[in-house]
Amino acid sequence: MKYCFVILMSIFFAAPVVGQTTDYAAKGYRGFIELGVAPSIKSWRAVADEVKYDADNDTHIFVGNKCKVTTTSLCLSTLHGYQTNEHLFVGGGLLAMFTESNKIEYIDHCLDPFAEITGIAYLDARYDLKGKAFSPFCEARVGTSSYFSLAVGVHYKRFNFATAFDTYYNSSHYVDWSDTYHCVGFVNSLSFRLSIDWGAR
């Protein structure tokens, strides 16, 4: 995980930023590149020791129990859209989420940790309260994998600092002691984001 963090930080700070001044247009194209981190969180997920297919209802039945998963996530996102005026932005983006489990509590024992990458496409709406260099903002996102996010933050020049509540549906396979498990459920987290934007505002 630490190697991913170093690589992503290098990409983030090496990204070209266009127009660092605050004398930019009130509307037009606007883009973002963002780095986020969600510290260790604990969430419940369903674990299936086997997956059965119900042909009559065309559904999959997960046979198993619930487990408690503690994870840490690192996110890299790019967002592009249109600034309608000095306050409102709408657009869409892509997010890559690198998740590493620290502990998986299942029935009466702990399963082996695992790491995974989740790709999410999302729509974004953002409202800046003031059209100046320093202003608070709020933001909402909805996307694939039942992804939903609400954030509040502060915009200063071309930098954005935000705290967000994120939730998404995760489905993954992993192997522990030669046994295969199917882990499904919603992952909820409180994340912290740093982004750089360019274009209109």
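Which side chain does the side chain of Asp-124 join in a polar contact? I began with this question, keeping in mind that I was working from a predicted model.

Entry on Asp-124. I looked up the side chain of Asp-124 and found that a polar contact of 2.9 Å joins it to the side chain of Arg-141. I noted that Asp-124 has its place in strand β5, and I entered it as buried because its relative accessibility is 4%, which falls under the 20% cut-off. I then listed what Asp-124 touches when its neighbours within four places in sequence are left aside, and I found Leu-79, Phe-89, Val-90 and Gly-91, together with Glu-139, Ala-140 and Arg-141.

Entry on Ala-121. I turned next to Ala-121, which is also found in strand β5, the run of residues 115–128. Ala-121 has a relative accessible area of 32%, so I recorded it as partly exposed. With neighbours within four places in sequence again set aside, I found Ala-121 in contact with Gly-93 and Leu-94, and with Gly-143 and Thr-144. For the pair Ala-121 and Gly-93, I noted a C-alpha separation of 5.9 Å, although the two residues lie 28 residues apart along the chain.

Entry on Leu-88 and the surface patch. I located Leu-88 in strand β3, which spans residues 88–106, and I put it down as partly exposed because its relative accessibility is 32%. I found that Leu-88 belongs to a nonpolar patch on the surface, formed with Tyr-82, Val-90, Tyr-127 and Leu-129, and I wrote down about 430 Å² as the accessible area of these residues together. Val-90, one of the patch residues, had already appeared in my notes as a contact of Asp-124.

Notes:
Residues are numbered from 1 along each chain as its sequence is written. This is a predicted model: local features need pLDDT of at least 70, side-chain atom pairs count only at pLDDT 80 or more; totals for chains, interfaces and linings use all residues. Side-chain values use heavy atoms; hydrogens and water are left out. Helices (H or I, at least four residues) and strands (E, at least two) are DSSP runs, numbered from the N terminus. Buried means under 20% relative accessible area, exposed over 50%, partly exposed in between (1.4 Å probe, protein chains only). Contact means heavy atoms within 4.5 Å. A polar contact is a pair of N or O atoms within 3.5 Å; within protein, one must be able to donate a hydrogen and the other to accept it, and residues adjacent in sequence count only if both atoms are side-chain atoms. Patches are made of residues with over 30% relative accessible area and no salt bridge: like charges are joined within 9 Å, nonpolar side chains (Val, Leu, Ile, Met, Phe, Trp, Tyr) within 5 Å. Accessible areas come from the Shrake-Rupley method with a 1.4 Å probe; for residues, only the protein chains shown count as cover. A salt bridge is a side-chain nitrogen of Lys or Arg within 4 Å of a carboxyl oxygen of Asp or Glu.
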